[in-house]
Amino acid sequence: MLHETSPLAVGIFAAFVTGVLWLSFRLGRKGQSAQGYYAAHGQVHWAVNGIAFAGDYLSAASFLGICGMIAFHGYDGFLYSIGFLAGWVVALFVIAEPIKALGKFTFADALDARFNSRGIKLAVAISTLVVSVFYLIPQMVGAGSLVTPLLGLPHWAGVVLVGVAVTFIVATAGMVSTTWVQFIKGSLLVFFCGVLSVLILGRGLSVNAGRAGPLDMTPQVRTVRPDGMVLVDGQPRSKEHDLRPVGTIGRLPERFGGALTTGGLGPLEYLAALEDSTVVTWSRQTHTDEQGTHETFTPTERPAAELLRPGGYFKGLAGGTLAGRLDFASLMLALFCGTASLPHILIRYYTVKDAAAARKSTVVGITAIGAFYVLTLYLGLGAMTSGALDPTDTNMAAPLLARSFSETLFAIISAIAFTTVLGTVSGLIMAGSGAVAHDLVENVCGVRMTDHEKVRVGKLAAVVLGVVAMALGILFKGFNVGFLVGWAFNIAASANLPALVMLLFWPRTTKQGIIAAVTVGMAASLGWILLSADTFEKVYGLPGSLAPMPFSQPGLVTIPLGFLVLVVVSLLSPPPAAVRR
Amino acid sequence: MTMEGESHKPGTVPPASRLGLALFGVYVLLYGGFMTLVLMRPDLMAVRPFGGVNLAIASGLGLIVAAVALSLVYMLARAGR
């Protein structure tokens, strides 16, 4: 059965989460000054910070979202891996060292270093909050997905569990404990994904996931009645009667001589053998009538080669429309430009002592993150053929893949995924709390605070953000978390990157230009997303054809728009003093 | 870009960062070339020139390895500064 809890899994999970909270509480004593709370005293070792970058960045979207997308849609999920890593090249070569040299606690500090403008602080603080909230949504949705199979709890309980744990982490200790939580999580995630990949290659590929008998190609129907009761194939759902797990090999290549399993394969052999096999994938159709909402899952056996090239998820790529292609290009541009504009990544540059340490920690981060993204390909394809997938939830592919090996591994992977969410959410709430306390309250509103008060306001902001994140996590249940995080990248890249890059490379940049670029970039990308076909269909429940925007991902238009607005407004405003001299 | 011990003059790019920008340019070409292929010639992505692995997977893995390799080159070239 898909959602059966085991005491061992619950025990391992509880031990993991308790360990992380204990560490956080213990380290909390070290971060009581503002410098300690927001920037861990600037004394984190670059190697630790580098792995913490990986912990910060490898969010639920990377682990749960990408694995799920590869498992259900094939190669297109891997395009997210490629785009997410490419963004780090911008961070390292263009942003890392200057941002360290310019700032103190927050991203607004860096952008405002030359101007001391309340307008810049206000615009950047709001953009930080908007990006952080959009990035928080997928993390919370991921947390909700995890607790259902692991603990047998409903989605909302997982969201609340993460919300409370993270608010506790951030409110007790700030950046010191956040850094260590991310370091531990980053190390464990990469290590155990490596272990899982070795197990996948060791197991090789098996027809019908090693089960005896022919492939079961009967469609499955899940009905949610108006009174909330769930039926499977017309009968009430129970432990004994649930949806069958899916995702199997249909036929192996002829070179294996009709065998039902390949046995262990090397990394390249695995990919080549899969390419010549057939797989059974499941499509989903939904319709609603007076008896409830019915989801019909229908199996199709098809050549795996179709899933190992672009076009499985991004329909525009496989001979699709121009709008479809532009949508894809826009997403890939946003992923490339977005990483170096994410506030929770940028603040990590303030936890190391100098620009050289910032550079070295970025290289460590890229190496760990790059290794992880290579592994996502094997995890996703391993899940696709594991016979363990839940057809209703793409986000659970990686943990359910682990369950196909052992219950203990399932518990470990689920606990790591949960700590993954904890780590990333902690970083996001830190960034948001800094934006509120340091940028908005202190610098924009001009409230003079003692060191102790700054920390208290930051903690209060962290609690409020935690509550907002929990509410949104419950609201967006059922979305693929990789898809959701694309929105955050679009907004971050459109609002923040033009201002950051031009400030560093164009002396004529003015404060009016920066304020205009951040405001227009943020408003345009946010407005575009709210009026896009994806949002119409998936959030408002309206036909996508009614949406006014020609494609759903805004970056292709709104990132250049941010640059254009900055240049035009800067040229129309008085040049900065340094240029006039 | 500012190095430790140097003063940062806003809006300027000191010579030390030229290497970073050059490596960035190399990666932009690789990433741009890959995306152009995916967008314009997705059919080419199905060819299998690398031991049975198709071009889509080989080039995707190659881009990830290239990002890590370029970052290591950058770190080694600037070690000790």
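Q: Two strands pair if DSSP finds at least two bridges between them. In this predicted model, which residue of E3(A) is the bridge partner of A:Val232?
A: Strand E2 (residues 230-232) of chain A and E3(A) run antiparallel and are joined by 2 bridges. That number satisfies the requirement of at least two bridges for a pair. Within E3(A), the bridge partner of A:Val232 is A:Gln235.

Q: Which strands stand at the edges of the sheet in chain A?
A: The sheet is open and has 6 strands with antiparallel pairing, in the order E3-E2-E1-E6-E5-E4. Each edge strand has a single partner strand, so one side of it is left without a neighbour in the sheet; the two in this position are E3 (235-236) and E4 (248-251) of chain A.

Q: What radius of gyration does chain A have, and does it agree or disagree with a compact globule?
A: The C-alpha trace of chain A spans about 80 × 55 × 50 Å along its principal axes. For 581 residues, a compact globule would have a radius of gyration near 25 Å. The value for chain A agrees with that expectation, at 24 Å.

Q: How many helices does chain A have, and how many does chain B have?
A: Chain A contains 6 strands in addition to its helices, whereas chain B has 0 strands. The helix count is 21 for chain A, and for chain B it is 2.

Q: What percentage of the residues in each chain is buried?
A: A residue is buried if 20 or more other C-beta atoms lie within 10 Å of its own. By this criterion, the buried share of the 581 residues in chain A is 62%. For the 81 residues in chain B, the buried share is 32%.

Q: Among contacts in chain A between residues at least 6 apart in sequence, what percentage joins residues at least 24 apart?
A: In chain B, residues 24 or more positions apart account for 45% of the contacts with a separation of 6 or more. In chain A, the share of such contacts that joins residues at least 24 apart is 80%.

Q: What distance does helix H16 of chain A reach from its first C-alpha to its last?
A: H16(A) covers residues 451-475, which is 25 residues. Its buried residues include A:Val455, A:Ala462 and A:Leu465. At 1.5 Å a residue the expected span is 36 Å, and the distance reached is close to this, at 37 Å.

Q: Which helix gives the most residues to the side of chain A that touches chain B?
A: The contact involves 46 residues of chain A and 40 residues of chain B. On the chain A side, the elements that give two or more residues are helices H5 (75-102), H10 (267-275), H11 (322-338) and H13 (355-384). By class, this side has 34 nonpolar, 4 polar and 8 charged residues. The helix that gives the most, with 13 residues, is H5(A).

Q: How far apart do the C-alpha centres of domain 1 and domain 2 of chain A lie?
A: The assignment places residues 7-25, 38-204 and 316-580 of chain A in domain 1, and 208-315 in domain 2. Their contact takes 28 residues from domain 1 and 34 residues from domain 2. The C-alpha centres of these domains lie apart by 31 Å.

Q: Which helix gives the most to the side of domain 1 of chain A that touches domain 2 of chain A?
A: The elements giving two or more residues to this side are H4 (60-73), H5, H9 (175-203), H11 and H13 of chain A. By class, the side has 14 nonpolar, 12 polar and 2 charged residues. The helix that gives the most, with 4 residues, is H5(A).

Terms used. Residues numbered from 1 in each chain as written. Chains lettered and ligands numbered in written order. Predicted model: local features only at pLDDT ≥ 70, side-chain atom pairs only at ≥ 80, totals over all residues. Buried ≥ 20, exposed ≤ 12 C-beta atoms within 10 Å, placed from the backbone. Contact = placed C-beta atoms within 7 Å. Expected span 1.5 Å × (residues − 1). Rg over C-alpha atoms; globule rule 2.2 N^0.38 Å. Nonpolar A, V, L, I, M, F, W, Y, C, P; charged D, E, K, R; others polar. Domains from an automatic or database assignment.
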